[in-house]
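Trainee: Before we discuss this model, could you set out the conventions and then let me question you on it?

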Amino acid sequence: MPRIYIHPLPVRIWHWINALGFVALILTGIQIRYADRLGLVSFRNAVHLHNWIGFVLVANFFIWFLFYVFSDKIRVYHPELSPMKHFRGSLRQLQYYGYGIFRGDPNPHHVSAYHKFNPLQSTTYQIIMLLVVPLQFFTGLMLWDLERFSAAVEFFGGVRVVDTVHVLCFIFFVGFIFIHPYLSSLARPPSAHFKAMLTGYEEVEEEPGQGDAGRIDTPP
Ligand code: HEM
């Protein structure tokens, strides 16, 4: 099968460090929250681990962010579609996930180098990476040292507000960590997207390049 290069190395490095880190943050976060009921590690070690992994992931975030800011690959998130086309594409994709997929309809989205995401993925990933992840990191940073960040904590409404936002983001990510791999497995074969996130290459049914002027089928 022809294959195209869709996940550059910095994105893959960021992604797998981030995925492992989020699983570890969720586990240590649950241990901190339910210290009296769980005994995975001691409370003290859970707090240390949670803080250190948090800092590693904040630094790691900038691999993803700076890569897209300084490369033309930002186009994968903004593939020259009019807002109306984007909206219609999202509805088509929703209909596929909610109905068409159960009838064996083909996926309306066809992967190419600069259109690697369907409109729903593109919107969701941007909301997560530019809003929810920064909110999780920012509130985590404030909770890490309440004294140092006391002015910011007061500005945002006090420690209860900051903690509530941090926990709400945590609940979101607990759901995301299940839904995201599930949706990623809705490919043929189911391992295709996982393999692509490991190797960079996605196998496509049609010849790469057809109707895709900006294709890349070798690593830049
Ligand atoms: C068990 C954990 C995870 C697995 C197995 C996983 C799997 C995958 C796979 C297979 C892809 C490529 C498929 C696609 O195009 O959608 C992908 C992309 C992506 N994932 Fe995950 N993921 C995990 C955790 C996470 C977490 C925790 C986040 C964010 C907090 C995340 C954010 C993203 C983003 C933003 C992309 C698109 C990356 C880009 O090309 O810019 N993933 N993931």
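Mentor: A polar contact here is a pair of N or O atoms within 3.5 Å; within protein, one must be able to donate a hydrogen and the other to accept it, and residues adjacent in sequence count only if both atoms are side-chain atoms. The model is predicted, so local features need pLDDT of at least 70 and side-chain atom pairs count only at pLDDT 80 or more, whereas totals for chains, interfaces and linings use all residues. Residues are numbered from 1 along each chain as its sequence is written, and side-chain values use heavy atoms, with hydrogens and water left out.

Trainee: Which atom of the ligand lies 3.2 Å from a polar side-chain atom of W64?

Mentor: The pair falls under the polar contact definition, which accepts N or O atoms within 3.5 Å. For W64, the partner at 3.2 Å is an oxygen atom of the ligand.

Trainee: How far is an N or O atom in the side chain of Y125 from an oxygen atom of the ligand?

Mentor: Y125 is among the residues that come nearest to the ligand, together with H15, Y77, K116 and H180. H15 has a polar side-chain atom 2.6 Å from a nitrogen atom of the ligand. For the side chain of Y125 and a ligand oxygen atom, the distance is 2.4 Å.

Trainee: Which element gives the most residues to the shell around the ligand?

Mentor: Elements are DSSP runs numbered from the N terminus, helices being H or I with at least four residues and strands E with at least two. The shell takes in residues with a heavy atom within 4 Å of the ligand, and by class it has 18 nonpolar, seven polar and one charged residues (Ala, Val, Leu, Ile, Met, Phe, Trp, Tyr, Cys and Pro count as nonpolar, Asp, Glu, Lys and Arg as charged, the others, Gly among them, as polar). The element that gives the most, with seven residues, is α1.

Trainee: Against which elements do the buried residues of α7 pack?

Mentor: In α7, A192, A196 and M197 are buried (under 20% relative accessible area with a 1.4 Å probe, protein chains only; exposed is over 50%, partly exposed in between). They lie on the same side of α7, because they cover an arc of only 135° around the axis, taken from the directions from the helix axis to the C-beta atoms. With contact meaning heavy atoms within 4.5 Å, the buried residues of α7 pack against α1 and β2 (201-203).
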